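Thanks for coming. I'll put the structure up and then walk through it piece by piece.

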Amino acid sequence: MNLNLHNIPANISNTNSEPVKVVILGSGPAGFSAALYAARAELQPLVLTGMELGGQAALTYTIENYPGFPEGVGGAQLGELFQKQAEKFGAKIEFETATAVDLSVKPFRVMTYDREFLAESLIIATGASPNHLNVVGEKELTGRGVSYCATCDGWFFKDKKVVVVGGGDSALEEALFLTRYASGVHIVHRRNELRAGAILQKRAMENPKIHFIWDSVVDQILGSEKVEAVQLKNVKNGEVSHFDTDGVFIFIGHTPNTQMFQGQLELDQNGYIITNMNMETSVDGVFAAGEVMDSHFRQVVTSAGMGAAAGIQATKYLENQEETKTTQAA
Ligand SMILES: Cc1cc2nc3c(=O)[nH]c(=O)nc-3n(C[C@H](O)[C@H](O)[C@H](O)COP(=O)(O)OP(=O)(O)OC[C@H]3O[C@@H](n4cnc5c(N)ncnc54)[C@H](O)[C@@H]3O)c2cc1C
């Protein structure tokens, strides 16, 4: 395996010489749940938050499918509650972003822009980012009609008209899901044929609520307070038109945040970290949880569950290490 160590700075001044028992990368539902479990095992885990405190969930206005909140809960508020609960049991939070890791040595080395941490075990919960269209209006109207998750936000579009962007399996699955709520689902696709599997295509084509806008891209999302329309561009003849809609669901893939692990951990063909059921990666003592290894469920509750499992397994791993040391010393 070729190690991807090229971005490790040569001289980091601020090295914590004492290894931390558990370092957790990421402060989303998976990271904070892992921290809660490791903290309750009295391991005083260290969470490096990355740039998005609370993770993707914090970007959404209301979460209505996380159990325990019958009235729903604000995404940012849920993140704060996760953090508070982990801290209550001794988790330490650092507002740092890991820039490189060295998993070929023990303790593992985790570098940030100007510090280095040594970790006896590592839990990676750096998530995945939905691919963006990068068009005018997208960022401003995210959470106000622009969404990357039909399971999460479909309910808000009861009897409304929505646009879905994409032509792969996930776009069609999500479009079919949206037909439960929306009065019409209009799939905008840049080609005149879909990439999705045959069965999904058949289901979508046969669904009376689904309509296709072929050979077209969304090149602007329009609206002041919320989404009101999209500007479409026909890629064949360049024609530009406006299409009124209440929502825009973008499903053009996800990119897992795993670049720095390339060459050090086994990743699948799409870059997701490969783990077993115990959240163990290809390196002993390194665990992964949440969307960084799960391209299927992509929910707060499932990511939190995987984070909890990683926290439990890291605890077991450290206990085994201790036992081995004691046996060897005896
Ligand atoms: C707009 C939107 C709305 C959503 N709504 C819902 C909903 O209503 N219900 C639901 O169940 N799900 C919803 N989801 C999905 C849900 O948010 C995710 O499934 C969940 O947040 C994934 O959790 P995670 O901890 O695996 O990763 P993330 O939430 O993606 O968290 C990743 C964390 O890793 C950190 N990180 C990244 N790189 C580094 C690094 N190099 N060093 C340190 N830290 C790093 C980030 O700062 C972040 O804190 C929504 C997603 C989006 C985008």
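I'll start with one residue, Leu122. Leaving aside residues up to four places away in sequence, Leu122 touches Val23, Leu25, Leu103, Phe108, Val110, Gly285, Val286 and Phe287. Bear in mind throughout that this is a predicted model.

Leu122 belongs to the largest nonpolar core, which has 54 residues. Within that core, Val23, Leu25, Val110, Leu122 and Ile124 are the ones that touch the most other members. Which elements each supply at least two residues of this core? They are β2, residues 20-25; α1; β3, 46-48; α2, 75-88; β8, 108-111; β9, 115-124; β20, 286-288; and α6. The largest share is from α6, with seven residues. As background, nonpolar side chains in soluble globular proteins tend to be buried together.

There is also a second core, separate from that one, with 22 residues. Its members include Phe157, Val162, Leu176 and Phe249.

One of those names, Val162, comes up again with Thr245. Thr245 sits in the loop between β17, residues 240-244, and β18, residues 247-250. Is Thr245 buried or exposed? Its relative accessible area is 3%, and the cut-off for buried is under 20%, so Thr245 counts as buried. Not counting residues up to four places away in sequence, Thr245 touches Lys161, Val162, Val163, Val227, Glu228, Ala229 and Val230. A polar atom of the Thr245 side chain also lies 2.9 Å from the backbone oxygen of Gly247.

A second threonine, Thr258, is in the loop between β19, residues 254-256, and β20. Thr258 has a relative accessible area of 3% and is buried. With residues up to four places away in sequence left out, Thr258 touches Leu267, Gly271, Ile273 and Val292. Take Ile273 from that list: Thr258 and Ile273 are 15 residues apart in sequence, and their C-alpha atoms are 7.3 Å apart in space.

Now the ligand. There are 29 residues around the ligand, and Glu52, Gln56, Asn65, Glu291 and Val300 come nearest. By class, that shell has eleven nonpolar, 15 polar and three charged residues. Two helices, α1 at 29-40 and α6 at 300-329, each supply at least two residues of the shell.

For polar atoms, look at residues 26 to 28. At Gly26, a polar backbone atom is 3.5 Å from a nitrogen atom of the ligand. At Ser27, a polar side-chain atom lies 2.9 Å from an oxygen atom of the ligand. At Gly28, a polar backbone atom is 3.5 Å from an oxygen atom of the ligand. How much of the ligand's exposed area does the protein bury? Taken alone, the ligand exposes 1,000 Å², and the protein buries 94% of that.

Back to helix α6, which we have met both in the core and in the ligand shell. Gln313 is in α6. Gln313 is buried, at 15% relative accessible area. Apart from residues up to four places away in sequence, Gln313 touches Asn278, Glu280 and Phe287. Lys316 is in α6 as well, but Lys316 is partly exposed, with a relative accessible area of 44%. The C-alpha atoms of Lys316 and Gly285 are separated by 10.0 Å, and the two residues are 31 apart along the chain.

Last, some backbone geometry. Most residues other than glycine have a negative phi, and most peptide bonds are trans. Where is the cis peptide bond? It joins Lys106 and Pro107, with omega of about -5°. Pro107 is placed in the loop between β7, residues 100-102, and β8.

Two residues that are not glycine have a positive phi: Asn134, at about 60°, and Arg298, at about 50°. Asn134 lies in the loop between β10, residues 128-130, and β11, residues 146-147. Arg298 lies in the loop between β20 and α6. In accessibility, Asn134 counts as exposed at 67%, whereas Arg298 counts as partly exposed at 21%. The cut-off for buried is under 20%, so Arg298 at 21% does not count as buried.

That's the tour. I'll leave the structure up for discussion.

Methods
Residues are numbered from 1 along each chain as its sequence is written. This is a predicted model: local features need pLDDT of at least 70, side-chain atom pairs count only at pLDDT 80 or more; totals for chains, interfaces and linings use all residues. Side-chain values use heavy atoms; hydrogens and water are left out. A residue is near a molecule or strand if one of its heavy atoms lies within 4 Å of it. A polar contact is a pair of N or O atoms within 3.5 Å; within protein, one must be able to donate a hydrogen and the other to accept it, and residues adjacent in sequence count only if both atoms are side-chain atoms. Accessible areas come from the Shrake-Rupley method with a 1.4 Å probe; for residues, only the protein chains shown count as cover. Helices (H or I, at least four residues) and strands (E, at least two) are DSSP runs, numbered from the N terminus. Ala, Val, Leu, Ile, Met, Phe, Trp, Tyr, Cys and Pro count as nonpolar, Asp, Glu, Lys and Arg as charged, and the others, Gly among them, as polar. A nonpolar core is a set of buried Ala, Val, Leu, Ile, Met, Phe, Trp, Tyr and Cys residues joined through side-chain atoms within 4.5 Å. Buried means under 20% relative accessible area, exposed over 50%, partly exposed in between (1.4 Å probe, protein chains only). Contact means heavy atoms within 4.5 Å.
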